[in-house]
Number of protein chains: 2
Amino acid sequence: MNYEHYFGANREKHLAELKEVLAIPSVSCLSEHSPDMVRAAEWLANKMTEAGLEHVRLHRTNGHPIVTADYLHAPGKPTVLVYGHYDVQPADPLDLWITPPFEPDIRDGKLYARGATDDKGQLFLHIKAIEAILKQEGELPVNIKLCIEGEEEITSPSLLHFLETNQELLAADVVVVSDTPFLDRGKPSITTGLRGICSLEATVNTANTDLHSGLYGGGVPNALHALVSLLATLHDERGKVAVEGFYAGVPDISPLMKSEFAKLNHDEEQLRKNLGLDALYGEEGFSFAERIGARPTLELNGVYGGFQGEGMKTVIPREAHAKITCRLVGDQDPQDILDKITRHLQRHMRPGAKLSVQSGVKIRAYDIDPSDRMLRLAADAYEEVYGTRALFTKDGGGIPIVEAFARLLGAPVVLMGFGLPDEKLHAPNEHFNLENFDKGLLTIVSFLKKL
Amino acid sequence: MNYEHYFGANREKHLAELKEVLAIPSVSCLSEHSPDMVRAAEWLANKMTEAGLEHVRLHRTNGHPIVTADYLHAPGKPTVLVYGHYDVQPADPLDLWITPPFEPDIRDGKLYARGATDDKGQLFLHIKAIEAILKQEGELPVNIKLCIEGEEEITSPSLLHFLETNQELLAADVVVVSDTPFLDRGKPSITTGLRGICSLEATVNTANTDLHSGLYGGGVPNALHALVSLLATLHDERGKVAVEGFYAGVPDISPLMKSEFAKLNHDEEQLRKNLGLDALYGEEGFSFAERIGARPTLELNGVYGGFQGEGMKTVIPREAHAKITCRLVGDQDPQDILDKITRHLQRHMRPGAKLSVQSGVKIRAYDIDPSDRMLRLAADAYEEVYGTRALFTKDGGGIPIVEAFARLLGAPVVLMGFGLPDEKLHAPNEHFNLENFDKGLLTIVSFLKKL
């Protein structure tokens, strides 16, 4: 069977289809997009049916729909559960997009749209790879299940519940996820660890009203002053998180891990240039790969208060807000970390200002033994298509449900992604490199056949 | 002549008229409101004509229109220039208003609307007081000029130019402004000093794109971290501005001034309660009255960067912004202060982040000798109507053009306001106390007659 020929012949059709689903603004965190979530889920269900998959079902949840399907006609062969997500991040700031986020556009061999690489483009590869095998050979070499959700970007609350209550439906020998990036163009990687995450929102309140800075300025607390001086205490001068006990449960990086990270050979100078930075920045004593793979973080994702419009407004704001997330590693417990941050913030509050804290997601880190057979088969598939062996890496980004898949299904999770590190996921001008679109299809076919 | 009877008989009509102009959203800092600025200016011009004033003119400027008028039929008598402004602050946050900001509503003896006390309500008193004298007596006891502008909230750039080029038209023996608050209900005050102001916007940039906190978190600079740690350096632990040289030109508070401030007798505990604060806050070693009257400040009016929407977004923001204003006293030079702040910010920048600073307004502080005869006549007028003598106070809020009036016209500026300190100017639920509406009319009539 010549899959290269098949995918080449169908390339325009496949890209046109992918553009259809990329045009749906399925932003999971904004409730006004609920109808778009249903449209995206239905679109996927239709494509699964067209691909020849069976038992295609759209499951209503308290949040956004989950789509499942299967093709279980290979008795004695392993069962593969393919996971992906059709929801995307908000597209703002809109003015920085060269073409609008939900009007997909191909330029210079890249497909630009919100969700192009994260994750509609990557999950689409699996549907089309399965369709290709069924059309070319009339059967699949393994049993296949698909489980596609719409809440990955908001930490998968519905899928977690669905997984807990539908373990039979989702039971599998291996879970495959394509939602991670290569090390670089032509340099595939397989992710053997994901950081966990926890989040909180801190609000500082001062007076019961905004006040005029002329009449009150200098005599009353300013919520923004209180907030920025509070947030400035969260890190020390050397880039470490200054919250007491934050690093409890963080494993030292072993000599073996050190050498694995060194192999990754990130070109930090090139990375710095690509990002337009004067300097990279992070915890002293660690390389970039170690910082993003093996070290926990505390990041400010949003800070706001007071006047943001054109011109000036001489106001003393009554409230100010911070959105904070932490990436977690090893045995760090999300609730424990949230408690420690809350205590730290309370201890550092200024007189006259009041603090309230609302906690959000709580997801532990995930790790898999790099010697797992499934990982080796995936590495073989990459090598066959790309001519280079995938390196094993730790990934800084969480895919929230992965830890739960491993724990509840007792199956290894193979994180074999086709993104590139500069594809601007979660940022303006997100795109998907079409070289990986083409080779990704072949790699998935190869992997399924090797199982 | 019984003015109390006259104003009582016309009260409903006057309030209905005032509501008309309060319904016009004349927000000077937002360019989309330009047509509203013209509507408000034309409304005022019509009211001046109805009042019997002459030479009513609407002057086009590079910004918003200036309205002038006069009535010069008292040879040998002093000429009074009345100044006021028809522009208002933005009304956001809108959701905190009990009734909409541009749908005036009277509740509990207060007129609620954006601009009710600052300054449409107060300037309206002058037009109606002049109208009353002309209707009752057929002539005015002094020569009157009016000059009403629409850019006070954006520091009067057009009026400054207009004043420089129309000194003959505006020449007067005394300038009267009603745009300041009482010490408390029934406790009038005359302002003998106004702080100056300077403003700047600081922007911190890091990478050339927003980045995913999972893939990059811990390894790259975060614009928000850089900004908050920078802003936190602007004050020390004791509430002082920590910018080198900031206090140069700030006069010590003399024993005489100390005793004047002590006379003001701010009930700090009551103030604290009214504002819903756990504690007042400011520079150590000074009372509230001293802090807002005689000390300079550096306030954060707005800080923003990253994600502000519903839910969470795991983004490392590429840029973050701060809007800063300083209130100035004594001989502090606005440009010098802006230079010092800029140098301070540059010195405290983190590695990997870039700073840009844009400066805005630059207005010096204004002071008048409390023994000026015009001030005493104003105090007499208050005493006649309120039964209590107005105290002389320093006001923390700038009325930008006042310093230029004094300097260019060589005339004393009498700041005789009718606001109350809790009328929420610049904040949601701004209002004007109708007791001061009624008594303000009488006080202005009395003042004009005493001149």
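This report walks through the chain pairing, the domains of chain A, the salt bridges and some backbone details of a predicted model.

## Ground rules

Because the model is predicted, local features need pLDDT of at least 70 and side-chain atom pairs count only at pLDDT 80 or more, while totals for chains, interfaces and linings use all residues. Residues are numbered from 1 along each chain as its sequence is written, chains are lettered from A and ligands numbered from 1 in the order in which they are written, and side-chain values use heavy atoms, with hydrogens and water left out.

## How the two chains are related

Let us start with the symmetry. Chain B is superposed on chain A by a rotation of 180 degrees, with 0.0 Å of shift along the axis and an RMSD of 0.1 Å (a least-squares fit on the C-alpha atoms of residues with pLDDT of at least 70 in both copies). The two copies are thus related as by a two-fold rotation axis. In chain B, the residue that comes closest to this axis is B:Tyr304, whose C-alpha is at 2.1 Å. Both copies use the same surface, since 100% of the contact residues of chain B recur in chain A; contact here means heavy atoms within 4.5 Å.

## The interface between chains B and A

Each partner is well represented in the listing: 93 residues from chain B and 93 residues from chain A take part in the contact. Together the chains bury about 7900 Å², and carbon and sulfur atoms give 55% of that area (buried area is the accessible area, with a 1.4 Å probe, that two parts lose on being put together, summed over both). On the chain B side, B:Leu215, B:Tyr281 and B:Met312 lose the most area to chain A, yet together they make up 10% of what that side buries.

Turning to polar links, there are 47 residue pairs in polar contact between the chains, both residues being at pLDDT 80 or more. A polar contact is a pair of N or O atoms within 3.5 Å; within protein, one must be able to donate a hydrogen and the other to accept it, and residues adjacent in sequence count only if both atoms are side-chain atoms. Strand β11 of chain B (residues 297–306) gives the most to the side that touches chain A, with 10 residues; helices (H or I, at least four residues) and strands (E, at least two) are DSSP runs, numbered from the N terminus.

## Domains of chain A

The domain assignment splits chain A into domain 1 (3–194 + 365–450), domain 2 (197–250 + 296–363) and domain 3 (253–291); such bounds come from an automatic or database assignment. The C-alpha centres of domain 2 and domain 3 of chain A lie 28 Å apart. Where they meet, 5 residues of domain 2 of chain A are in contact with 4 residues of domain 3 of chain A.

These two domains of chain A bury about 420 Å² between them, 39% of it on carbon and sulfur atoms. A:Arg238, A:Gly239 and A:Lys240 lose the most area on the domain 2 side, together 69% of what that side buries. A:Lys240 also forms a salt bridge with A:Glu283, at 2.9 Å from N to O, and the count between the two domains is 1 salt bridge.

## Salt bridges

A salt bridge is a side-chain nitrogen of Lys or Arg within 4 Å of a carboxyl oxygen of Asp or Glu. By this rule there are 54 over all chains, and 2 cross the interface of chain B and chain A. B:Asp278 and A:Lys354 form a salt bridge at 4.0 Å, N to O.

Within chain A, the closest N and O atoms of A:Lys128 and A:Glu17 are 2.7 Å apart in a salt bridge. A:Lys128 lies in helix α4 (residues 120–137) and A:Glu17 in helix α2 (residues 11–22), so the pair ties together parts that are 111 residues apart in sequence.

## Backbone details

A cis peptide bond runs from A:Asp118 to A:Asp119, with omega near 5 degrees; A:Asp119 sits in the loop between β5 (110–112) and α4 of chain A. In chain B, B:Asp118 and B:Asp119 are also joined by a cis peptide bond, with omega about 5 degrees.

A:Thr155 is not a glycine, although its phi is positive, at about 70 degrees. A:Thr155 belongs to the loop between β6 (143–149) and α5 (157–165) of chain A.
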